[in-house]
Amino acid sequence: MFLAWKEIRYAKMKFLLITGIITLITSLVLSISGLANGLSEDNASAIKNMTANTYIVEESDQHQLERSMMIPDEVDAVQGGSPLGLKMVEMMHDGEAVNISLFSLDKESPFMPAGEENVELAPYEILADPSLQGEGYKTGDSLTFQDKKWVIRGFTEKRFSYGHTPAMFTSMETWKDFLKDDLTYQAVLFTDFKGVDIPSKLDAASKEDILSNVPGYSAEQGSLKMMVIFLLIISAIVLATFFYVMTLQKLHQYGVLKAIGAKAGMLLRALFIQISILSIFGILTGNTLTYGLTQLIPGDVPFELSSGMILLNSGLILVMAWIGSLLSFRSIMKVDPLEAIGGVK
């Protein structure tokens, strides 16, 4: 620790540059992770935050919830579940069109989202996604669709969005009256699906299957996660290069230390502590920089960072720094005191 810290204090500018690179890498990784998480919430939080584990849907190669069409007889044949209706609609509010994902559930269903206040939905009343509050919507506002007036009765506690459109939840009573003769359902929801028989024209899909088939979800998340993976690999390569060049520049000093009796293990520990100090300081600075940047991001940009995600990415960057230092460890182990003192490389 003494050796590592003394060298950091002696060559401040060199180590400040390395710390700056770690800071920028950390900020970039966290920014892309926050964007990926924000897009995930904006695209599929209605599925992620719903407590159902199994969805009974129309038989299909791709279980896209909005394309599933189940007639009432098929729904009635599935015992013990909670019917779900979903329709992508365009409502009017103060002369402006608003794209909405309209969900319907029984008022007593365990899958009906909790509101900020306990509300009982009357016909054509809805619980709205809280993101609409940021656009100026409030309890009591009304929207129009197909000559029907839909009144916002409250807002859900959690975020509920589907296909990058805010979700609104209404009662099954409203759903049946709204569709009348064209009544269809999109799914039957279960928490525990064991031992339930379903008709041959229906499939049981897991929550993960439904989530992956939300339009655009897999493509968005796959691309952004691949970017994060490549950034982590690149960070390991960049840091390995810096630490290796830094070690080569100090081979003479390492040779002198070995000649006067310093053990290789002590030199390796000093380098490991030095790398850890630089990496941790750079990661903390990167977290601070990212937090500052999030305060400048407009509210309509889907960006969300959780503490768990910050800890995970910070830990991965620290591990990448340790991995990148292995090449430097090898150089210290192989250095010969006589050659290093004599200037032979």
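At 52% relative accessibility, does Gln-146 count as buried or exposed? Gln-146 counts as exposed, because the cut-off for that class is over 50%. The close-ups below all come from a predicted model.

**View 1. Gln-146 and Tyr-124, two loop residues with positive phi.**
Start with Gln-146, which sits in the loop between strand S5 (142-145) and S6. Its phi is near 50°, a positive value, and the residue is something other than glycine. Now swing over to Tyr-124, in the loop between S3 and strand S4 (125-128). Tyr-124 isn't a glycine either, yet its phi is positive at about 65°. Tyr-124 has 11% relative accessibility, so it counts as buried, while Gln-146 counts as exposed.

**View 2. His-164 and its partners from elsewhere in the chain.**
Here we're looking at the loop between strand S7 (161-162) and strand S8 (165-171), where His-164 has its place. His-164 has 32% relative accessibility and therefore counts as partly exposed. Leave out residues up to four places away in sequence, and His-164 touches Leu-39, Asp-42, Asn-43 and Glu-220. With Glu-220 there's a side-chain to side-chain polar contact of 2.8 Å. As for Asp-42, it is 122 residues from His-164 along the chain, but their C-alpha atoms are separated by 5.1 Å.

**View 3. Phe-103 against Tyr-162, an edge-to-face ring pair.** The count of aromatic pairs in the model comes to seven. In this one, Phe-103 and Tyr-162 meet edge-to-face, at 6.0 Å centre to centre and with 85° between the planes. The pair ties together distant parts of the chain: Phe-103 belongs to strand S3 (residues 96-105) and Tyr-162 to strand S7, 59 residues apart. Both Phe-103 and Tyr-162 are buried. Zoom out a little and ring pairs link Phe-103, Phe-160, Tyr-162 and Phe-169 into a cluster.

**View 4. Trp-150 and Phe-178, an edge-to-face pair between a strand and a helix.**
For Trp-150 and Phe-178, the ring centres are 5.4 Å apart and the planes make an angle of 80°. Trp-150 comes from strand S6 (residues 148-155), Phe-178 from helix H4 (residues 172-179), and the pair links these distant parts of the chain across 28 residues. Trp-150 is buried, and Phe-178 is too.

**View 5. Helix H6 crossing helix H7.**
The axes of H6 (residues 217-249) and H7 (residues 251-259) come within 4 Å and cross at roughly 60°. That angle makes H6 and H7 oblique to each other. On the H6 side, the contact is made by Thr-247, Leu-248 and Gln-249; H7 brings Leu-251, Gln-253 and Tyr-254. Sort the contact by class and you get three nonpolar residues, three polar ones and no charged ones.

**View 6. Thr-54 in strand S1 and the residues around it.**
Thr-54 is placed in strand S1 (residues 54-58). With 13% relative accessibility, Thr-54 counts as buried. Setting aside neighbours within four places in sequence, its contacts are Val-188, Leu-189, Phe-190, Phe-193, Ala-204 and Ala-205.

Methods. Residues are numbered from 1 along each chain as its sequence is written. This is a predicted model: local features need pLDDT of at least 70, side-chain atom pairs count only at pLDDT 80 or more; totals for chains, interfaces and linings use all residues. Side-chain values use heavy atoms; hydrogens and water are left out. Helices (H or I, at least four residues) and strands (E, at least two) are DSSP runs, numbered from the N terminus. Buried means under 20% relative accessible area, exposed over 50%, partly exposed in between (1.4 Å probe, protein chains only). Contact means heavy atoms within 4.5 Å. A polar contact is a pair of N or O atoms within 3.5 Å; within protein, one must be able to donate a hydrogen and the other to accept it, and residues adjacent in sequence count only if both atoms are side-chain atoms. Rings of Phe, Tyr and Trp (its six-membered ring) pair if their centres lie within 6.5 Å; planes under 30 degrees apart count as stacked, over 60 as edge-to-face and the rest as tilted. Axes are lines fitted to C-alpha atoms, for helices over the stretch in contact, and angles run from 0 to 180 degrees between N-to-C directions. Angles under 35 degrees count as roughly parallel, over 145 as roughly antiparallel, 65 to 115 as roughly perpendicular and the rest as oblique. Ala, Val, Leu, Ile, Met, Phe, Trp, Tyr, Cys and Pro count as nonpolar, Asp, Glu, Lys and Arg as charged, and the others, Gly among them, as polar.
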